[in-house]
Amino acid sequence: QVQLLESGGGLVQAGGSLRLSCVFSGGRFGDYAMGWFRQAPGKGRYFVAGINWSGATTHYTNSVEGRFNVSRDNARSTAYLQMTSLKPEDTAVYYCGAWSGGTVVAGPDHWGQGTQVTVSS
């Protein structure tokens, strides 16, 4: 079965950068769209960024547009989220998601376990 393993979270000062990675296994990576969601304490889980199966199409929530970049390396079965100009309000657990249809539509079919990102002011 499909498994997603995130890494790269940590503690960073405001204005800093982090790169999250999501390693995909148990299926054909090139068939899946990939994306990132986040959940702050006491809040729901919300979409952050997504990328289609080929990497040709990306989507971002407004609050991260221009600061975050989602990408994928199909040869390595890995998706990335490069985060720059981080703000304290970016603090959350970040989850990787995979869509079996190859495009970012509604909720993912598979989830990772999450990685904590904490941005200090």
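These exercises work through salt bridges, a disulfide, a sheet and two single residues in the structure above.

The model is predicted: local features need pLDDT of at least 70, side-chain atom pairs count only at pLDDT 80 or more, and totals for chains, interfaces and linings use all residues. Residues are numbered from 1 along each chain as its sequence is written, and side-chain values use heavy atoms, with hydrogens and water left out.

**Exercise 1. Find the salt bridge of Arg-28 and state how exposed each partner is.**

Step 1. Fix the rule. A salt bridge is a side-chain nitrogen of Lys or Arg within 4 Å of a carboxyl oxygen of Asp or Glu. Side chains of opposite charge can pair when their charged atoms come close.

Step 2. Find the partner. Arg-28 meets Asp-31 at an N to O distance of 3.9 Å.

Step 3. Classify both residues. Buried means under 20% relative accessible area, exposed over 50%, and partly exposed in between (1.4 Å probe, protein chains only). Arg-28 has 62% relative accessibility, so this residue counts as exposed. Asp-31 has 39%, so this residue counts as partly exposed.

Step 4. Place the pair in the total. The rule yields four salt bridges.

**Exercise 2. Trace the salt-bridge network that contains Asp-90.**

Step 1. Start with Arg-38. Its closest N and O atoms in the salt bridge with Asp-90 are 2.9 Å apart. Arg-38 sits in strand β4 (residues 33-39), while Asp-90 sits in the loop between β8 (78-83) and β9 (92-99). The two residues are 52 residues apart, and the pair links distant parts of the chain. Strands here are DSSP runs (E, at least two residues), numbered from the N terminus.

Step 2. Add Arg-67. Asp-90 also forms a salt bridge with Arg-67, with closest N and O atoms 2.8 Å apart. Arg-67 lies in the loop between β6 (58-60) and β7 (68-73), so its pairing with Asp-90 ties together parts that are 23 residues apart in sequence.

Step 3. Join the pairs. Shared partners place Arg-38, Arg-67 and Asp-90 in one network.

Step 4. Check burial. Arg-38 is buried at 14% relative accessible area. Arg-67 is buried at 12%. Asp-90 is buried at 1%.

**Exercise 3. Locate the disulfide and give its handedness.**

Step 1. Search the whole structure. A disulfide is a pair of cysteine sulfur atoms within 2.5 Å. The search finds one.

Step 2. Name the cysteines. Cys-22 is joined to Cys-96, with an S to S distance of 2.0 Å. Cys-22 is in strand β3 (residues 18-25) and Cys-96 is in strand β9, 74 residues apart.

Step 3. Read the torsion. The torsion about the S-S bond of Cys-22 and Cys-96 is about -80°, so the disulfide is left-handed.

Step 4. Check burial. Cys-22 is buried at 0% relative accessible area. Cys-96 is buried, also with 0%.

**Exercise 4. Give the strand order of the sheet that contains β3, and name its edges.**

Step 1. Apply the pairing rule. Two strands pair if DSSP finds at least two bridges between them. Strands of a sheet pair through backbone hydrogen bonds, either parallel or antiparallel.

Step 2. Write the order. Four strands form an open sheet, β1-β3-β8-β7, with antiparallel pairing.

Step 3. Find the edges. β1 (3-7) and β7 each have a single partner strand, so one side of each is left without a neighbour in the sheet.

Step 4. Look inside. β3 and β8 run antiparallel and are joined by six bridges. Leu-18 stands opposite Met-83 in β8.

**Exercise 5. Describe the surroundings of Thr-115 and Gln-39.**

Step 1. Set the cut-offs. Contact means heavy atoms within 4.5 Å.

Step 2. Take Thr-115. Thr-115 is in strand β11 (residues 115-120). Thr-115 is buried at 12% relative accessibility. Not counting residues up to four places away in sequence, Thr-115 touches residues including Glu-6, Leu-20 and Tyr-94. A polar atom of the Thr-115 side chain lies 3.3 Å from the backbone nitrogen of Gly-9.

Step 3. Take Gln-39. Gln-39 is in strand β4. Gln-39 is partly exposed at 26% relative accessibility. Outside four places in sequence, Gln-39 touches Gly-44, Arg-45, Ala-92, Val-93 and Tyr-95. A polar atom of the Gln-39 side chain lies 3.0 Å from the backbone oxygen of Lys-43.

How values were computed
A polar contact is a pair of N or O atoms within 3.5 Å; within protein, one must be able to donate a hydrogen and the other to accept it, and residues adjacent in sequence count only if both atoms are side-chain atoms.
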